[in-house]
Amino acid sequence: MSDEEKESSSSKPSDSGEEKPKLKRRAPVRRKKPAAPKAKKADEATADNAEVAPVSEKVAAEVSPAVDQKPESSEPEQKSKESKPKPQSLPKSSAKPKEEEGNKPEDRPKPSVRPQRQPNRRSQEHAPKYYEDQARNVRDLANLKGKRPIVALTAYDAVMGRLVNDAGVDFILVGDSVGTTLLGHRTTIPVDMTDMLRHTAAVRRAQPKCLLVADLPFGEASFSFDRLLESARRLMQEGGADAVKIEGGRDVADDIEKLVATGVPVLGHIGLLPQTVKAIGGYRKFGVDRQEAEDLYTDAIALEEAGCFAVVGEMIEEAVARELTKQILPPLIGIGSGAGCDGQILVSTDILGYNTRKAPSFVKTYANLNQVISRALSQYVEEVRGGKFPS
Ligand code: KIV
């Protein structure tokens, strides 16, 4: 049974053999049609229904972030428990209903306070934020070229997926960098389809409103076109990705063209290709000499002609990246390639200072989660050892 099924079934009556009091069907009460509601505040509207409501404001739902949420057992449940009728006000016979005169369900005194419905767990979750100018599909993203900088981040699970979406990015990449950032590998090479499917599906469950792209792991583009198509299909159908990213330039352009023709949107990736790190002997800058700059140009044009909706340019010399940005039609999304690109992507754990290894030098860190988390964890350990928690 899925979690959702469990959730919904937990509110249903039990199927055990216990005799249940029969509820008498009440005559339907005709309610007066309520007057047309006043326009809801953005946060009320989105909490009611995440799918409704594009808004004219930049942010549709100004809701408290997930980190501020209270545990499920706290306030709302407490309140609804308080407002329930006290059990002793009901006649004892309600436990074993006997249908004698004066003891029929309809004869029993009605509780004066109507029991409140337990708030459903899903309605306590905040709805994903929606930004009007956030790219929601590959066409939106391609159309941003020349209009404003495109912004993207990686995410690998539902919590980060929600937070990254809510920050307003144009697309989320479930990168195979999950291998080095979260799974403890030294390179992205050990990452496989099982990893990518699990992490992509987790981010999809965060219901991001922006475009969701998943990386094809090492080797998947090299066996055969059928294998490539099958892996892309799985990332989209099982993982819920909107598009896939493939590392490589002219060497993979023919297969990308065929993939695009079958309806798989592809994000290209040139410059430093982390999946080839063993072959190139380490991470370094690309486009440093004329030959490499020309090769990058050939690769970028090949990807444009193959139909990529955008191209990631990793660790490319700033001047070369700036020129490529002008030369190609799809947006060039830079990572460590300077400010002249159509947009920027970074690894979320790097910018948050949540890692076991130093982030690359081009990364700006916006938080130090390592420090925040270690302080909190040490405090917990101290409090338990010192008998301070539980108090
Ligand atoms: O896997 C990844 O995170 C990437 C980005 C660095 C672009 O490919």
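**Exercise 1. A loop residue and its backbone**

Met 315 is placed in the loop between strand E6 and helix H13 (318–327); state what phi is for Met 315, and decide whether Met 315 is buried or exposed.

Solution. The model is a predicted one, in which local features need pLDDT of at least 70 and side-chain atom pairs count only at pLDDT 80 or more, while totals for chains, interfaces and linings use all residues. Residues are numbered from 1 along each chain as its sequence is written, and side-chain values use heavy atoms, with hydrogens and water left out. The element names refer to DSSP runs numbered from the N terminus, a helix being H or I over at least four residues and a strand being E over at least two.
Step one: phi of Met 315 is near 50°, which is a positive value in a residue other than glycine.
Step two: the relative accessible area of Met 315 is 15%, so this residue is buried (buried is under 20%, exposed over 50%, partly exposed in between, with a 1.4 Å probe and protein chains only).
Step three, for comparison: Gln 207, in the loop between H8 and E3, also has a positive phi, near 55°, and with 38% relative accessibility it counts as partly exposed.

**Exercise 2. The barrel**

Work out in which order the eight strands close into a barrel, and which residue of E3 is the bridge partner of Val 174.

Solution. Step one: the order is E1-E2-E3-E4-E5-E6-E7-E8, with parallel pairing, where two strands pair if DSSP finds at least two bridges between them. Neighbouring strands of this sheet are turned by 25° against each other on average, direction ignored; axes are lines fitted to C-alpha atoms, for helices over the stretch in contact, and angles run from 0 to 180 degrees between N-to-C directions.
Step two: E2 (residues 171–174) and E3 (residues 211–215) are joined in the parallel sense over four bridges, and the partner of Val 174 in E3 is Ala 214.
Step three: helix H12 (residues 290–306) lies across E5 (266–271) and E6 (310–314), and runs at about 175° to E5.

**Exercise 3. Salt bridges**

Find how many salt bridges the whole structure holds, and explain what the pair of Arg 148 and Asp 170 ties together.

Solution. Step one: side chains of opposite charge can pair when their charged atoms come close. With a salt bridge taken as a side-chain nitrogen of Lys or Arg within 4 Å of a carboxyl oxygen of Asp or Glu, the search of the whole structure gives 16.
Step two: Arg 148 and Asp 170 meet at 2.7 Å, N to O. Because Arg 148 lies in the loop between helix H5 (138–143) and strand E1 (150–154), and Asp 170 in the loop between helix H6 (158–167) and E2, the pair ties together parts that are 22 residues apart in sequence. Arg 148 is partly exposed at 24% relative accessible area, whereas Asp 170 is buried at 1%.
Step three: in helix H12, Glu 294 and Arg 290 are four residues apart, about one turn of the helix, and their closest N and O atoms are 3.3 Å apart in a salt bridge. Glu 294 is partly exposed at 38%, and Arg 290 is exposed at 66%.
Step four: Glu 238 and Arg 234 form a salt bridge at 3.0 Å, N to O, and both residues belong to a network of salt bridges together with Glu 230 and Arg 233. Glu 238 is partly exposed at 42% relative accessibility, as is Arg 234 at 28%.

**Exercise 4. A charged residue without a partner**

Identify the side chain of opposite charge that is nearest to Asp 195, and name the residues that Asp 195 touches.

Solution. Step one: Asp 195 belongs to helix H8 (residues 193–205).
Step two: this residue is buried yet has no salt bridge, the nearest side chain of opposite charge being Arg 198, 4.3 Å away; in this count Lys and Arg are positive and Asp and Glu negative, while His and the chain ends are not counted.
Step three: leaving aside residues up to four places away in sequence, Asp 195 touches Leu 183 and Pro 190, contact meaning heavy atoms within 4.5 Å.
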